[in-house]
Structures are given as structure tokens and as C-alpha cells.
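Notebook open, model loaded. I'll jot down what I look up as I go, chain by chain and then across the contact.

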Amino acid sequence: MIRKIALKEFKENLREGRFTVSVVIVSVLLIMGVWLSYNYLTSVQKQHAEAKENARNVWESQDEKNPHSAAHYGTYAFKPKYPLSLIDPGVDKFSGISIFLEAHKRNEAQYMAASDQTGLARFGDLTPDFIMLFIIPLLIILTGYNAFTREIEQGTLKLLKSQGISSWKLALAKWAGIFLPVLIITTVLFVIASILLMNIKDFGELNFGVLSLMFLVYLVYYAIFINITLMISAVSKQSGISLVSLLAIWIIACLAMPKASSNLADTVYPYPSRQAFAADIDKDKKAGLDGHNPWSQAAKDFERETLEKYGVDSLSQLHFNFDGYRMQRGEEHEAQVYFKHYAELKNTFRNQSRIYQASAVASPFLPVRFLSMALARTDYSAHWDFADAAENYRLSLIDTLNMNFAINSSYGDWAYKADRSLWKNVPDFEYDSPSLGDIIDRNWTNVLILGLWFLASFAGLKILTQRYEKEIKLHQSI
Amino acid sequence: MFQRNLLLQADISQDWKNWINMLQATNLTKKYGNFTALNALNLTVNEGDIFCLLGANGAGKSTTINLFLNFIDPSEGKAAINGLDVTKKAKETKRLISYIPENLMLYPNLTGLENLDFFCGIGGKNHTREELEGLLKESGLQPDFINKRVNSYSKGMRQKVGIALARARDAKALLLDEPTSGLDPKASNEFSELLLEMKEKGVATLMAMHDLFRAKDTGTHIGIMREGMLIHQVAADSISLPELEKLYLEAMKPIKAAS
């Protein structure tokens, strides 16, 4: 019975111009979105590969020089692009694509794509995630806002109810009738994306487990919107009221709540300004050992400790170059300063995330937005993860160079030059993104909230269709 | 208060014990606050009977039909189909009936055939395409329209789809709420003929209507309702059309004049 009604709903929708036009528009937008994303990604990926190769060549082709000079010369860490960023580019556009690695300084990622765009960029790009997060829920609303009301308005309800069907079965059938076209559209999108991604070279391995999970997350999101749409349609007396109510819900869930939660998070847990952040770091750095300043009190204290530790009277008696050793110790102090301040930033980020998660109780859009970006590895967590990996690599690189200087020269020997083999022997920056387990572990709250949204909206639909049963009885005239 | 002409079922149908009481209202009452829409209705429609309910608007005819359909809950009493209480055995009783309202509305974007297939299917009666086409033709729908969308159908054509649905569902009882209202005489006559065909097959019909001529011509029993009460109940063949008209007009007079 449910299958019969669902197919009837689907057939009726197909024959309605409103539905057909909406589906065609959404399909065209999706195909355009995938195609534009595909072109952008292949182009960016090519540029990344070239830039990475060039940076490595520049690093390896350095002349013989003091290793600490090479540490100042620096190199780059490039953030890899991941296959699923084709579907959800997340915050990649705003977070930068490479970090310059140098001695004494932790730099932030640079070359943000958003900085190359015009002001129109703030209205969003035509990407698959935009269509899936904003437009398909609208399609659901346009398809289902009159699912129940039209039965009353066109007079078919009496005949339908005289066949002995319960309102709950009717609701389930209507649910399936709306879900079917949405399932087809979403499946086609993911299949096209998979085919394209499998044919892109040097773009990381496409993980079908993650892809399937992302597919599931979106289907749950649509199921929630279908539940809400049918609930409103079941309690509305007229189709027009149902449509207006649902559009208001869409605006609140997809537009207003994300903005409001963002503003709230910034107000309650503000990030420090860039200037204040840099000034605080500078202040803490100056409070400790500066590797380049042998005359500071901190340097003198370190010198005394080293002499005591190795049981010698002068620095020239050490079996290593104290200048290199001091450079490394200064680097370690600076690393601790950066670690402390970035930990505070991360803490603010975590606090803000908690506000977003709390806001997700009022909008199913938010948990899906975060889960989608997380699975595509294009969220801020992924960016932090990359930035931390780049920082670890920087510390390891600088340590290698400073210790080479310390071990292979003697105190005061600033003329020491390492040969080119050292640059080649330093491993290139390699970064493994967080595993699926890590992503789920970080996002379990979003998974939980999304699951609760689904269960609560489904229960709401069940309760309100019982009310619809009573509504039918109220509609009968004497 | 009213002059009642309550004939016992035994008077109406001499061999009533051989028939099954397909539709039965026992002390059936519906109240909306202080307003009584239906007042202690006792009514029986046997297999092969066509019971026509006459009365002015608001007399309680549609309320009776809606109570048998379980669209509304009774305040008191019971409506039973084939002995089953419609409120307790809603699903089972709905499988026994077919309902045609005054203006049968079908899904406008589906064809007549698709509508019939859909309503048969959800009622648990599946038929082949050929069988459904045959049912629609037998019910008088022009073959050209069988595969056309219902939004191009006249009211009479939609009512014929309703009759086809009753046949397809193999309904034991028909609940008709002013089904010929607004139909032209030819369509109305065709509809009556279809009802008589179903009567011969033993289908019990309860039909609310305003047309005295059609009630006399088609019905086996006629009831006249007023202000929620069944005040007259007669066998159609026991009364002439002028007598029926006189009885009806008498019943419609203001209460003071009638008493």
C-alpha cells in the first residue's frame, strides 16, 4: 500500500510543471557545480604539484652554506587537496594553501583563494555542497508543502480515507514519494563525482567508505527536511500557509541560525586581533632565550648551565659548537611560546565549536555543514591538523640544521658550511590527513545531534499525523 | 412531536430473515456541543437494498453517511457494516464498502485508469490493466477518456470512475452522498441503471439525495429525515410518487404546522 501511494505521489509530482521545472533547475545547477568544482580542483591540484616541486627544487639547489642560514632561507609546506573537496570545499578558500617554514617563526597559511576574488564571493560559489545544503531542502519544501493540504483542497481525502488507509501509512507513503526523487538526484551527483574523482591523477586515494558516509549524512539531512515538511503540511489548514511556514523554517535553519551562532560564538569567545596575538608572542619570546643574542641574561645563564653540565671551563672546550646549540635551545623556547599561544587559539576554536554544536539543536543545517566539511577534510580542524603537522616538520627541520651546525663545527666557527647533500637528505614535508576514525571521534557530537534531529522529527511526524487524523474528522460537514 | 411512520423491518421486507443486515445504525447519535446533528437513528439496509435518504440540507443525511464511513465519531449508538462496529473494526469495514460523494474528486494529474488502479490497490484489490479498462467501460466511461487525465473529466465521468471503483473493489455496500446532484438527466439515469445492476448483485446501498423521482425510481426503501431524525421510512414500491411528494412536503413544513 505504501509503495503504491509513494509511486502515485512520484508520478503526480512528475506530471506537475512546478516539480519538473524545479528538478531540472536543481539538476542543471548540480551538474554545473560538479563541473566547475572539478575544473577548479584539477587546475589547483596541478598548480599545487608544480609549486611543491619548485619549492623542493629551490630548497635542494641551495649552495653550500651555514645550516642556520638555510633555516632562515626556509621552504614551504603545501596543504594537500583531498578528493571529496570536489563535493565540499569547506573553508579551504579562506584558510590558505601553504605555510612558509623558517627559523624562529611560526607563520600562518597564506595564498587564500578568497583574497583573489571580488566582493561577490561573499554570496557563495556554485559548488555541490551549496546546492545540497541549501537548494535541495528548498526542492523538498516545494515538492511536499502541500502533500497533505492538497488532499483536503482538491477533495481527494474523503475517497482516500474511505479506502481504510491510516494517516500514518499515508504519511510514510508521502515521505517515500518525496524521498525517491531526492535520492535519485543525490545518488546521481555522488556517482558523477566518484567517476570524476577516480579519473583524477595524483589526487590522493578516493575513500569510498568516507564517500558513502558523506552520502548517508546528506540523506539523513534530507530525511529530516522531509519530516519537517510533512509535519507542517499535516498541521496547516491551507497550502499557502504551509509553504510560507516552511520557507520561514528554511530561512531560520539554513541562513539565520548559522549566522547567529557565528556572531554569538565570536561575541562569547572572541579571537584576539592579529596585532595583539603577534605582540603577545613577541613579548613571551623576548622573556626567554634568543639564539641570536649571546649577550642576553638568558644566554649567559644557558652558557653557565652548559659549562657545568659538560664539566668544562670554556665554550671552546665543548665537543660541539655552542653557537649552534644555543640557536637550537632558542628555537625550542620560541616553539614553546608558539605552542602556548596557538593552544589558546585552539581552545577558543573549541569553545566556539561548542556554541555551534549547541546551536545545531535549533538547526539541522549546522551538524550537516560541519560533518560534510569534516568528511571532505576541508574544515578548520583539518586545517589546524595540517598547520600543526607543518609546525612539527618545521621544528624537526630546524633541529636537523642547527644540530648539524653544532656537531660539525666548533665554537665561533660561523664560517662552517654544510654541503648540498644535507638539503637533499632532509625529507620533504609529507602530511597524512586525519583518519576517518579521528574525524568521527572529533565530530561525534554532530553525529549525535543529527541522529537526534532525525529521531525527533520522525516522532513529531508520527504525532502530528495523528492530529491530522482528527483534523480530517473536523473537516467533515454535517 | 412528529407524526412517525416507523415501519418495522419485517413490514418492509417480508423475507428479511433471509437477508443479511449489511448496514445497520443502532441508536446512532451525533452531537456537536448542544447541537444534535443526528438523533438516535435506527436503520437497516440489507443486501440488495437501495435505501434512499431524503431531507433538507442539514437534516443529518451526510452525517449518517460520514458515521458509517467512520469519518466522524458517534456521540452515542453504533454504526455497523456486516455486523462489525465501524469504530472498532475500521479497516475491516472499509474493505466492504465503496463511497461516492456528491462530487467525487480524483487525482487530476492521473488518468481515470490510473486513479482506478491506485484506489483499488490501496484498498487491497489489484486488477490487470485489461480488467480495469473493462470495468471503466462497463461503468459507462467513454473509451477515449480512459487514458486521459482526470482534469479533463466532467462530474458525471468522475462519478462513473467511482462506480467502476465500487465494482472493482467488489464492494458489499455503497455509501453515496448525493451522487447524482448536478448531473444532467441522462447521466443521472445512467448512474441509476448502474446502481440497479449492483443491486441485482446483492450490493446494499445507502444513498443521501434530494431527488424524489430518482429515489422512487431507483430505491427499494425511502427514508425522510428532518433535524437529525428519521421521521418516515417506507418501501418504495408501497408508495406512489405523488404520495411520496406529499409525505415529503408535509415533513418539511415548520414544526408547529406539522404537529
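How many helices and strands are there in chain A? I count 18 helices and three strands in chain A. Note to self: this is a predicted model.

**Entry 1: overall form of chain A**

I pulled the radius of gyration for chain A and got 30 Å. The globule rule gives 23 Å for 478 residues, so chain A is more spread out than a compact globule. The C-alpha trace spans about 110 × 45 × 40 Å along its principal axes. As for burial, 37% of the 478 residues of chain A count as buried. I also checked contact range: of the contacts in chain A with a separation of 6 or more, 83% are between residues 24 or more positions apart.

**Entry 2: the sheet in chain A**

Next I looked at the strands of chain A. They form an open sheet of three strands in the order S1-S2-S3, with antiparallel pairing. Strand S1 (75–78) and strand S3 (105–106) of chain A are at the edges with a single partner strand each, so one side of each has no neighbour in the sheet. S1(A) pairs with strand S2 (residues 98–102) of chain A over four bridges, in the antiparallel sense. Across from A:Phe100 in S2(A) I find A:Tyr76.

**Entry 3: one loop residue in chain A**

I picked A:Phe148, which is in the loop between helix H5 (128–144) and helix H6 (149–153) of chain A. Is A:Phe148 buried or exposed? It is buried, because 29 other C-beta atoms lie within 10 Å and the cut-off for buried is 20 or more. I then took a long distance: A:Phe148 and A:Ser421 are 75 Å apart in space, C-alpha to C-alpha, and 273 residues apart in sequence.

**Entry 4: strands S8 and S9 of chain B**

Over to chain B. Strand S9 (residues 204–208) of chain B is mostly covered, with five of its five residues buried. B:Ala204, B:Leu206 and B:Ala208 point one way from S9(B), while B:Thr205 and B:Met207 point the other way.

Which strands pair with S9(B)? One is strand S4 (residues 50–55) of chain B, parallel to S9(B) over four bridges, where B:Leu53 stands opposite B:Ala208. Another is strand S8 (residues 173–177) of chain B, parallel to S9(B) over five bridges. There B:Asp177 stands opposite B:Ala208, and B:Leu176 has B:Met207 as its bridge partner. I also traced the connection: S8(B), helix H7 (residues 185–200) of chain B and S9(B) make a right-handed β-α-β unit.

S8(B) has five of its five residues buried, so it is largely enclosed by the rest of the structure. From S8(B), B:Ala173, B:Leu175 and B:Asp177 point one way and B:Leu174 and B:Leu176 the other. Strand S7 (residues 97–100) of chain B runs parallel to S8(B), joined by four bridges, and B:Ile97 sits opposite B:Ala173.

**Entry 5: nonpolar cores**

Which residues touch the most other members of the largest nonpolar core? Of its 143 residues, they are B:Phe68, B:Leu116, B:Ala173 and B:Leu175. Helix H9 (residues 208–235) of chain A gives the most to this core, with 15 residues. Another core, of 27 residues, lies apart from it, and its members include A:Tyr76, A:Leu315, A:Leu401 and A:Phe429.

I followed up on B:Leu116. Beyond its neighbours within four places in sequence, B:Leu116 contacts B:Leu132, B:Leu135, B:Leu136, B:Val161, B:Ala164, B:Leu165 and B:Ala168.

B:Ala168 came up again when I checked B:Glu131, which is in helix H5 (residues 129–138) of chain B. These two are 37 residues apart in sequence and 8.6 Å apart in space, C-alpha to C-alpha. B:Glu131 counts as partly exposed, with 14 C-beta neighbours inside 10 Å.

**Entry 6: where the chains touch**

Last lookup: how many residues does each chain put into the contact? Chain B puts in 28 residues and chain A 23 residues. On the chain B side, the elements giving two or more residues are helix H2 (61–68), helix H3 (90–94) and helix H4 (112–122) of chain B. H4(B) gives the most to that side, with four residues. By type, the chain B side divides into 16 nonpolar, eight polar and four charged residues.

Definitions and conventions. Residues are numbered from 1 along each chain as its sequence is written. Chains are lettered from A and ligands numbered from 1 in the order in which they are written. This is a predicted model: local features need pLDDT of at least 70, side-chain atom pairs count only at pLDDT 80 or more; totals for chains, interfaces and linings use all residues. Two residues are in contact if their C-beta atoms, placed from the backbone, lie within 7 Å. Ala, Val, Leu, Ile, Met, Phe, Trp, Tyr, Cys and Pro count as nonpolar, Asp, Glu, Lys and Arg as charged, and the others, Gly among them, as polar. Two strands pair if DSSP finds at least two bridges between them. A nonpolar core is a set of buried Ala, Val, Leu, Ile, Met, Phe, Trp, Tyr and Cys residues joined through C-beta atoms within 7 Å. A residue is buried if 20 or more other C-beta atoms lie within 10 Å of its own, exposed if 12 or fewer, and partly exposed in between; C-beta atoms are placed from the backbone. The radius of gyration is taken over C-alpha atoms; the globule rule is 2.2 Å times the number of residues to the power 0.38. A crossover is right-handed if, with the strands pointing away from the viewer, the path from the first strand over the helix to the second runs clockwise.
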